[in-house]
Amino acid sequence: MGYQRVIMTEFGGPEVLQVVEEATLPEPAADEVRIRALATSACFTDTLVRKGIYFGLKKEPPFAPGYDVVGVVDKVGTAVSTFKVGQTVADLTVTDAYAEYICRPAASLVPVPDGLDPAEAVSLVLSYVTAYQMLHRVAKMQRGQTILIHGAGGAVGTALLELGRLLDLKMYGTASPSKHELIKQLGGIPIDYRREDFVVRVQADGGVDAVFDAIGDAYFKRSFDSLKKGGTLVAYGFYDNGMGKGGSVPLEYMKVKLWNLLPNGRATHFYSIGDLRKKQPGWFREDLAALFDLLARGKIKPVIARRMKLEDAVEAHKMIEEAAVKGRIVLMVNET
Ligand SMILES: NC(=O)c1ccc[n+]([C@@H]2O[C@H](COP(=O)([O-])OP(=O)(O)OC[C@H]3O[C@@H](n4cnc5c(N)ncnc54)[C@H](OP(=O)(O)O)[C@@H]3O)[C@@H](O)[C@H]2O)c1
């Protein structure tokens, strides 16, 4: 039996993504399971992988992008006793998830409770775990504090808003005007970053307790200036650099690290979901399980702009790079 994957033939623009038909299903190694995928995200980070500028990833095309997956266990390796055929599971794959079938180590899988919508469930794996860990594990937000979220209408931004609302945070969010209504619906106060200086706006309110910034370059300094005494800057990405607009990633990273050492009454952290998962694999499982529970209880509802098909990956990447997505895009796979 064959199956479909979307691979990148080389590093480059969306056109390097191609649907390929594989003749036979992949076979799980002894410690792996084979997953029949139900949903995967198309996200900004996938576009960095596609361009060959995703920091730390050493992999040469051809391969499939795809940072996360939710699917059903289809076959288990001979040494696997923790998962059964038919069970729904999730994983943070980093690459390879744009595929109808994928093999993953059993040790990295998280069970998905019955009855969840696969598109909503997969939205939690990258964007919501990122938002949850930055709020709870890094910035350690307390009920009623004030935060600033950049890119508040995007995938991680909307996740931060939904989870911040559960903590009764006062939330400012930068975004272009097309996303302002959504930000208000999620409990945020929108700021049009092209027309208004966000530092002036939040300092008029006494500054914020934390800023979540994945824009990078000149933003990191301005975000730092937006903090009140005792506040925390959580830097977690280089959006502008990815769009060809920013400066040097290693230099910006060092700058953020340095500010944390200086006696300035404020803290800075650089968050990476992959690095934290390596250091604290238990936290990833625990936090994703907590998010599945919030979803099952109706406490969160991920904003899904479009449900597309695997073969729409080129269009999905174009939309992401045009910042035309409110919330996230999910690629639905093996729909029956
Ligand atoms: N460190 C980690 O572990 C981790 C995990 C997940 C994601 N990330 C990173 O986080 C970033 C966001 O990811 P995402 O999936 O949420 O992307 P996304 O869905 O594409 O959202 C990014 C948003 O930023 C907005 N934006 C662009 N320029 C801006 C500016 N100058 N000021 C304010 N907003 C601006 C865009 O829309 P408008 O301009 O229309 O408002 C867009 O909605 C990416 O850099 C990604 O690589 C890091």
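This is a short talk on the domains, sheets, ligand shell and a few unusual backbone sites of the structure shown above.

Let me say at the outset that we are looking at a predicted model, and that what I describe is computed from that model.

I will start with the overall division of the chain. The domain assignment gives a domain 1 made of two segments, 3-112 and 303-332, and a domain 2 that covers 128-272. The C-alpha centres of domain 1 and domain 2 are 28 Å apart, and the contact between them draws on 10 residues from domain 1 and eight residues from domain 2. On the domain 1 side of that contact, helix α1, residues 44-51, gives the most, with three residues, and the residues of that side divide into six nonpolar, two polar and two charged.

Now to the ligand. It is surrounded by 31 residues, and the closest of them are F44, G151, G154, A214 and G237. Which domains supply this shell? Domain 1 and domain 2 each give at least three residues to the shell around the ligand. In terms of secondary structure, α1, α2 (118-138), α3 (155-166), β9 (170-175) and α7 (239-242) each supply at least two residues of the shell. Helix α1 therefore appears in two places in this account, since it gives residues to the domain contact and also to the ligand shell. As for the character of the shell, its residues divide into 17 nonpolar, 13 polar and one charged.

Let me turn to the parallel sheet. Six strands make up an open sheet in the order β10-β9-β8-β11-β12-β13, and the pairing is parallel. The edge strands, each pairing on one side only, are β10 (188-192) and β13 (267-270), while the twist from one strand to the next averages 20°. Within this sheet I would draw your attention to β11, residues 208-213, which is joined to β12, residues 227-235, by five bridges and to β8, residues 146-149, by three bridges. In the first of these pairings V208 has L227 of β12 as its bridge partner, and in the pairing with β8 it is L148 that stands opposite V211 of β11. Why is β11 described as largely enclosed by the rest of the structure? Six of the six residues of β11 are buried, so the strand is largely enclosed. On the helical side, α8, residues 249-261, lies across β12 and β13 and runs at about 145° to β13.

The antiparallel pairing that I want to show is centred on strand β3, residues 32-42. Here 10 of the 11 residues are buried, and β3 is therefore largely enclosed by the rest of the structure. Strand β3 pairs in the antiparallel sense with β4, residues 68-76, over six bridges, with β6, residues 101-105, over five bridges, and with β15, residues 328-332, over four bridges. R34 is a useful residue to follow, as its bridge partner in β6 is C103 and it also stands opposite K75 in β4. Further along β3, A42 stands opposite I329 in β15.

Finally, some backbone details that deserve a careful look. As background, most residues other than glycine have a negative phi, and most peptide bonds are trans. Against that background, P61 and P62 are joined by a cis peptide bond with omega of about 10°, and P62 is in the loop between α1 and β4. D168, in the loop between α3 and β9, has a positive phi near 55°, and D217, in the loop between β11 and α6 (218-225), likewise has a positive phi of about 55° although it is not a glycine. Are these two sites exposed or partly exposed? D168 counts as exposed because it has 12 C-beta neighbours inside 10 Å, whereas D217, with 18 other C-beta atoms within 10 Å, is partly exposed.

One last residue is A290, which is found in helix α10, residues 281-296. A290 is partly exposed, since 15 other C-beta atoms lie within 10 Å. Its C-alpha atom is separated by 9.6 Å from that of V129, although A290 and V129 are 161 residues apart along the chain.

How values were computed. Residues are numbered from 1 along each chain as its sequence is written. This is a predicted model: local features need pLDDT of at least 70, side-chain atom pairs count only at pLDDT 80 or more; totals for chains, interfaces and linings use all residues. Domain bounds come from an automatic or database domain assignment. Two residues are in contact if their C-beta atoms, placed from the backbone, lie within 7 Å. Ala, Val, Leu, Ile, Met, Phe, Trp, Tyr, Cys and Pro count as nonpolar, Asp, Glu, Lys and Arg as charged, and the others, Gly among them, as polar. Two strands pair if DSSP finds at least two bridges between them. Axes are lines fitted to C-alpha atoms, for helices over the stretch in contact, and angles run from 0 to 180 degrees between N-to-C directions. A residue is near a molecule or strand if its C-beta atom, placed from the backbone, lies within 6 Å of it. A residue is buried if 20 or more other C-beta atoms lie within 10 Å of its own, exposed if 12 or fewer, and partly exposed in between; C-beta atoms are placed from the backbone.
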